[in-house]
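Reader: I should like a close examination of one part of this model, namely the residues whose backbone geometry departs from the usual pattern. Please set out where they lie and what surrounds them.

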Amino acid sequence: MKRVDDFRLRFGDKQYVPIMIGGMGVDISTSELALEAARLGGIGHISDAMVEDVSDRRFDTTFVKEKTKLYKFNINNMDKAVVQFDLGRLAEAQRLHIGRTMEQKKGPGLIFVNCMEKLTMNGPRETLRVRLNAALDAGIDGITLSAGLHFNSFGLMADHPRFRDAKLGIIVSSVRALQIFLRKNQKLDRLPDYVIVEGPLAGGHLGFGLDDWQNYDLHTITGEVLAYLKAEQLDIPVIAAGGVFTGSDAVSFLEMGAAGVQVATRFTITKECGLPDKVKQEYIRATEDDIIVNGISPTGYPMRMLRSTPAIGTNTRPGCESYGYLLDATGNCAYINSYNREVVANGGSDKGIKVMDKTCLCTHMRNFNCWTCGHYTYRLKDTTHKLPNGEYQLLTAEHVFKDYQFSTDNRIALPPKEEEAACV
Ligand SMILES: Cc1cc2nc3c(=O)[nH]c(=O)nc-3n(C[C@H](O)[C@H](O)[C@H](O)COP(=O)(O)O)c2cc1C
């Protein structure tokens, strides 16, 4: 019986353990988590979602405070077109976050950054250009373009000296999206170095419809992508993602020809994960019925989360003067419309209103109040010990990584028991 360690993910003449830890914004896939994956010979992701806020928390910068001060005059105005990101500061934050992570890298693996393109930041093209180029400046090993994939994003960094040396990958949920991306990129003569195929059981935003995600299956889509690349004689590593819960699940994709797997949910209850410990306990306690897919993300993509997510049904005033990562090219966000509608219906006041159909995703992701998770979150309790106080023991990233790497027979190794409560 094979195990993940019998396979290697190859980029050129370099080989890696074929396990990628997926990007989880906002700072849920921390530097610490990504660094562990790299140390163990795999690939870790940090995320650049809300990077200015991440920088403030980690490096005592004051990007958010200064932006809030600059645009304070606009806080009660629901037209957010004036609230622009300063591109110089954005680059600085990106270089800090990525540069400091890369400085600490040890071991044979790689660190990539997940760039969610749906973070349109009131200037989609220019802000994305800055994020991508600053990431390359800061020495990132690779960039994964995710949710909201634009077909010309490679072009935004084509002049960077590292454009052909850094690994560049894309996340798709269908062979069709891949076909379009490849066609549109033909003139750059620069193929993606890897393609992550994300199925409907993943955490975060989904590349499927709210009503039809149940009709898709990762093995089928991965098979279609592999067949297409073979027919086109394109040698691009394919990484399967979404619902790969055990080492044996991973092996099933590697045996069909995938070059690796991208996993995330099992790492959400590791000590290195950025979620607060109390939220990690919520994830572990969740039952299957607690996990829902809804449309409250203003991005327009369905999102999977715990039913008890505090971000559902709040009256949060749109926080765009401080954040504004979801503002589109015209300075709008679907949450602003929903919030306004409720305020108008309530006679002009937001007292006591509940906005049910959308959420202020920036504010709530930033505060870890949007509990996005993968479908199999309800199985996390089978991966650890229940402590005498009723809490669950948190894991180390190394333990989970090695369990994926070495386990067989769909078994999940439990960690050595810790006496103390992991979370009080
Ligand atoms: C808490 C959480 C947050 C996530 N955030 C992002 C994100 O910001 N960008 C992204 O491309 N994928 C995101 N994902 C998806 C993962 O990177 C990954 O592809 C997927 O969850 C893998 O499936 P698994 O969780 O079943 O292992 C997130 C997943 C989780 C669990």
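Author: D189 counts as exposed, because only 8 C-beta neighbours lie inside 10 Å, and a residue with 12 or fewer is placed in that class. The model is a predicted one, and in it D189 has a positive phi of about 55° although it is not a glycine. In general, most residues other than glycine have a negative phi. As to position, D189 belongs to the loop that runs between α7 (175-185) and β8 (194-198).

A second residue, N122, also invites attention. Its phi is near 60°, again a positive value in a residue other than glycine. Is N122 buried or exposed? N122 counts as buried, because it has 23 C-beta neighbours inside 10 Å, and the class begins at 20. N122 is located in the loop between β5 (110-116) and α5 (124-137).

The surroundings of N122 can be described residue by residue. Leaving aside residues up to four places away in sequence, N122 touches K80, V83, Q84 and F85, among others. The same list of contacts includes G324, L327 and G331. N122 is also 7.4 Å from L326 in space, C-alpha to C-alpha, although 204 residues separate the two in sequence.

The third departure concerns a peptide bond. The bond from G25 to V26 is cis, with omega near -5°. Most peptide bonds, by contrast, are trans. V26 is found in the loop between β3 (19-21) and α1 (31-39).

The ligand may be considered next. β5, the strand at one end of the loop that holds N122, supplies at least two residues of the shell around the ligand. β11 (260-263) likewise supplies at least two. Of the 30 residues around the ligand, G22, S146, G203, G204 and G374 come nearest. By character, the shell divides into 14 nonpolar, 15 polar and 1 charged residue.

Helix α10 offers a last point on burial. Which residues of α10 (residues 277-285) are buried? They are V279, K280, Y283 and I284. These four lie on the same side of α10, because they cover an arc of only 145° around the axis.

Key. Residues are numbered from 1 along each chain as its sequence is written. This is a predicted model: local features need pLDDT of at least 70, side-chain atom pairs count only at pLDDT 80 or more; totals for chains, interfaces and linings use all residues. The arc is that of the directions from the helix axis to the C-beta atoms. Two residues are in contact if their C-beta atoms, placed from the backbone, lie within 7 Å. A residue is near a molecule or strand if its C-beta atom, placed from the backbone, lies within 6 Å of it. Ala, Val, Leu, Ile, Met, Phe, Trp, Tyr, Cys and Pro count as nonpolar, Asp, Glu, Lys and Arg as charged, and the others, Gly among them, as polar.
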